[in-house]
Structure formats: structure tokens, C-alpha cells
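Trainee: I would like to go through this structure one step at a time. Could we begin with the strands and leave the empty spaces for later?

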Amino acid sequence: MEITDFYGAPAEGKEYHVNWDPASAEKGGFPSFMEKEIHDQPDAVLQTLLGRSDINGKLTLDELRVDPELLKNVDKIIVLACGTSAYAGQVAKYAIEHWCRIPTEVELSHEFRYRDPIVDENTLIVSISQSGETMDTLMAVRYAKEQGAKTVSICNTNGSTIPRESDAVLYTHAGPEIAVASTKAFLAQITAAYLLGLYLAQLRGNKFQGEIKDILADLNKIPAKIQQILDNEAQIKELGQSMADAKSVLFLGRHVGFPVAMEGALKLKELAYIHAEGFAAGELKHGPIALIEEGQPVFVVVPSPRGRDSLHAKVVSNIQEVRARGAKTIVIAEEGDEAVKAYAEHVFYIPETPTLLAPLLSTVPLQIFALALASAKGYDVDQPRNLAKSVTVE
Ligand code: M6R
């Protein structure tokens, strides 16, 4: 191996340890990388959590080398990302604002730079990128640094450009993601962003240590719960296969379920090349409900009935509204939620979990659905048309 600069002159290299093994870059008996990566998800979340807290629930993010005093003074967080990574950021916004009480914006990297954003030395930029090479995000991070902001990268690729150019990095340990459609990186990004949020809450004293410990304990239960969903994937797979003729599928969600709905729609667009849209369920009556006609498939991501009751009741009433107009309703709900049954053509149950952690579970059936539907159409799920794994041009 020879390391040179752009003009061919010998240059100094910097060593990075990449702890991916060759087996993790193979299909492992699955028909596609995407299917394998969906099944890697319990491990992706587990590895991302591993070694980041002690037995007392104290977060020890050693690699996050930003002066704690600077982090204490942060008065605004801006999450920068594109595509699926931006949806991970949108999920994380709910948790970070709730736990840390720091105003948090999520901005598509390519929109950020061109709107004259208000960024200063008390702004914390959190970029999220699986590849660490997305040019839009890299340029946005560079711009924010020029304005004096502190930059933290959440990234899955050791030594890639975005973490190298950021002040600090929190790696997701999802292993190599080869399929163009992002799956395990998404869950690992949410997990890492949650760790960052809890770390900030710990540092700034927004949460008692015991509360942080409880949330970490719930996070540690997530891998087994994802596995439970994967063990029962046959029902959602069959539905996906049976819907190969669908022309359009709508997704509704509320609170953290809203970005999950958008991610479900993106998976379907990318893989099955059909029109799919994710909406905030509360927005339905402000326009999207006009799209509902006889037989229109609508996925609804329902919040836990154990959470804020008004939210659950409101989403159940949304299911009712679309069903009454002829929609074919497909519901993702928490185990034991009987209220949704009356209005759902299909119900997929996910294990009980606190509301903020639910996206780590509710996304999984949507990934399986998109994979099954696209496979039934005979499409290459690993290499969808017109898309590249890493978008290195603006
Ligand atoms: O590597 P990045 O996370 O920066 O990539 C961002 C998007 O290009 C990526 O998430 C894209 O939307 C995926 N194909 C979604 O499945």
C-alpha cells in the first residue's frame, strides 16, 4: 500500500482500527444483504450500547472528547443528516428535548447551509451519517465549524471524513451496512443519539442518576425485543408479498411514530418503487385524508396505550377515520392493545416498551414489509435503481 497526496507525492497516513470481520460483510445464509442486516439489528443495538456505561448507570462516553464545560453551556442542538439518518435525528429530538431540555432542531444537511442559520459557539452540531462520507452533511458540518459551533459526529464508519473533521465522534457499532437501504444503521443511530442525550442530561444534572440507569436498563432490553419481532416475521412478510400490486401506501404516526412513518415510506419508495408517504397522524384532516379511497393501504404506528393516553386515543380515532373512508388499515401496536382491533384489517404487535424507545421496535415490521413487497416484485433489494450507498456529491 502506498499513501500519496493528490499530486502523487508520498504522504503520511494515519492508522485506524476497523473492528469489522470478513464474515460480517457476507450474507450469512440470507438471500440478500438487506435481509441479513435486518436480522443483525439486535446485535447492532447491543454493540452500540456495550461499554458505554458502568454498573451504576453512569455513562462513560470516553471517545466523546469535548470539554464537559462546553457541553454544559450548549444552548441549542442542531442535528444534521440526510435520508434515513435524518429520520433517526427526528426520533432523537423527542428524547433529547425531553431529557435535557435543550432546544433541538433537525435539519436536512443540504437545506441548512443555504438558509443563513443561527449558529454560534454555544450550538452543538450533531451530524448523523452511516457512511461518514455524505457530501451534503460534510459541507454542512464544515459550515457550522466555521461559525464556531462544536461538532459531534454519530457515524458507523471508522475513520471516515465526517468524524475526522468533527470535534468528537460517537461511533455506532452496527457493523458494515452493505444494502443501499439503511436498516441496522438506523436503529444504531437512534441508540447512539439516545446515549448522547442521556450523557448531556447526566452532565447538566437534568436527570437523577437513578433515572438514567432505568432508561439504560430499558434500552438494554431492546435487542431481545427486536429478536422477538424477527422471530414472528412471517405474518408481516406474507402481507408484504400479498401486496405486490399496491400502487401507493400511506403511513401515519404521531410523536416518535411520525419519523417512523416517514422511514417506513422511504423504505418502500427506495425498494419497491411505489408511491409512499409518511404523515403526522394529526395532520390527516388538514389535507392528506383527501387521498383516502376504497382499498387505499394505510399503515398506522400507534403509540402505547400506557403512555400519554390522549395520544393513543387520538391515533385510534385516526384509524377509525381512514377506515370509515375505505382504507385498508394495517396497524403496528403494542402487545395487549385491544382498542385497535376493531378498526384494523391487520394488526402487528410489538413488545411493550417506554414510548421514547418504541421506534427501535416499530420500525422493524415496516422494514420487513418493504423488503417482502419489493422481493415479491422481483426487484434487487440490495441495489435499488438510481441509488448509491454513499452520496458523495452535493
Ligand atoms: O451515509 P448516510 O447516513 O449519511 O446516508 C444518508 C442517506 O443517503 C441514506 O440514509 C439514504 O437515505 C438511505 N438509502 C436510506 O435507506
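Mentor: The model is predicted. Start with strand β1, residues 76-81, which pairs with β2 in the parallel sense over five bridges.

Trainee: In β2, which residue is the bridge partner of Ile-77?
Mentor: Strands of a sheet pair through backbone hydrogen bonds, either parallel or antiparallel. Here β1 and β2 pair in the parallel sense. The bridge partner of Ile-77 in β2 is Thr-104.

Trainee: In what order do the five strands of this open sheet lie?
Mentor: The edge strands each pair on one side only, and they are β2 (104-108) and β5. The pairing in the sheet is parallel. Read across, the order is β2-β1-β3-β4-β5.

Trainee: By how many degrees are neighbouring strands of this sheet turned against each other on average?
Mentor: The figure is an average over neighbouring strands, and direction is ignored. It comes to 20 degrees.

Trainee: What angle does the direction of α4 make with that of β2?
Mentor: Helix α4 packs on the sheet and touches β1, β2 and β3. Its direction, compared with that of β2, makes an angle of about 175 degrees.

Trainee: Which strands does α6 touch?
Mentor: Helix α6 also packs on the sheet, and its direction makes about 155 degrees with that of β1. The strands that α6 touches are β1, β3 and β4 (150-155).

Trainee: Now the other sheet. Which are the edge strands in the order β7-β6-β8-β9-β10?
Mentor: Five strands form this open sheet, and the pairing is parallel. An edge strand here pairs on one side only. The edge strands are β7 (275-280) and β10 (346-350).

Trainee: How many bridges join β6 to β8?
Mentor: Strand β6 covers residues 248-253, strand β8 covers residues 297-301, and they run parallel. One bridge pair is Phe-251 with Phe-299 in β8. The number of bridges that join β6 to β8 is four.

Trainee: Which strands does helix α14 lie across?
Mentor: Helix α14 spans residues 359-376 and runs at about 160 degrees to β8. Helix α11 (residues 234-242) lies across β8, β9 (328-334) and β10. For α14, the strands are β6, β8, β9 and β10.

Trainee: What separates the centres of domain 1 and domain 2?
Mentor: The domain assignment gives domain 1 as 30-220 and domain 2 as 227-304 + 311-376. The centres are taken over C-alpha atoms. The separation is 26 Å.

Trainee: How many residues does the contact take from each domain?
Mentor: Contact here means heavy atoms within 4.5 Å. By that cut-off, the contact between domain 1 and domain 2 takes 28 residues from domain 1, and from domain 2 the number is 24.

Trainee: On to the empty spaces. Which element gives the most to the lining of the largest pocket?
Mentor: The largest pocket holds about 650 Å³ of space. Of the 28 residues that line this pocket, the closest to its centre are Gly-83, Thr-84, Glu-270, Ala-388 and Val-391. The elements that give two or more residues to the lining are α4 (83-100), β3 (123-129), α6 (135-146) and α12 (257-272). With four residues, the element that gives the most is α12.

Trainee: How many residues of each class are in the lining of the largest pocket?
Mentor: The lining draws at least three residues from each of domain 1 and domain 2. By class, the lining has nine nonpolar, twelve polar and seven charged residues.

Trainee: Which element gives the most to the lining of the second largest pocket?
Mentor: The volume of the second largest pocket is about 340 Å³. Its lining has 14 residues, and Tyr-16, Glu-63, Arg-65, Val-169 and Tyr-171 are the closest to the centre. Two elements, α7 (161-165) and β5 (168-171), give two or more residues to this lining. With three residues, the element that gives the most is β5.

Trainee: How much space lies in the largest cavity?
Mentor: The count is one cavity of 30 Å³ or more. The space in the largest cavity is about 160 Å³.

Trainee: Which residues are the closest to the centre of the largest cavity?
Mentor: The lining has 17 residues, which divide into nine nonpolar, six polar and two charged. The closest to the centre are Val-301, Val-302, Pro-303, Ser-304 and Ala-358.

Note on methods:
Residues numbered from 1 in each chain as written. Predicted model: local features only at pLDDT ≥ 70, side-chain atom pairs only at ≥ 80, totals over all residues. Heavy atoms only, no water. 1 Å grid on protein atoms, 1.4 Å probe; cavity = no way out; pocket = protein on both sides within 12 Å on 5 of 7 lines; lining within 4 Å. Points joined across faces, edges and corners; volume = space filled by probe spheres on them. Nonpolar A, V, L, I, M, F, W, Y, C, P; charged D, E, K, R; others polar. Domains from an automatic or database assignment. Pairing = 2+ DSSP bridges. Axes fitted to C-alpha atoms, helices over the stretch in contact; angles between N-to-C directions.
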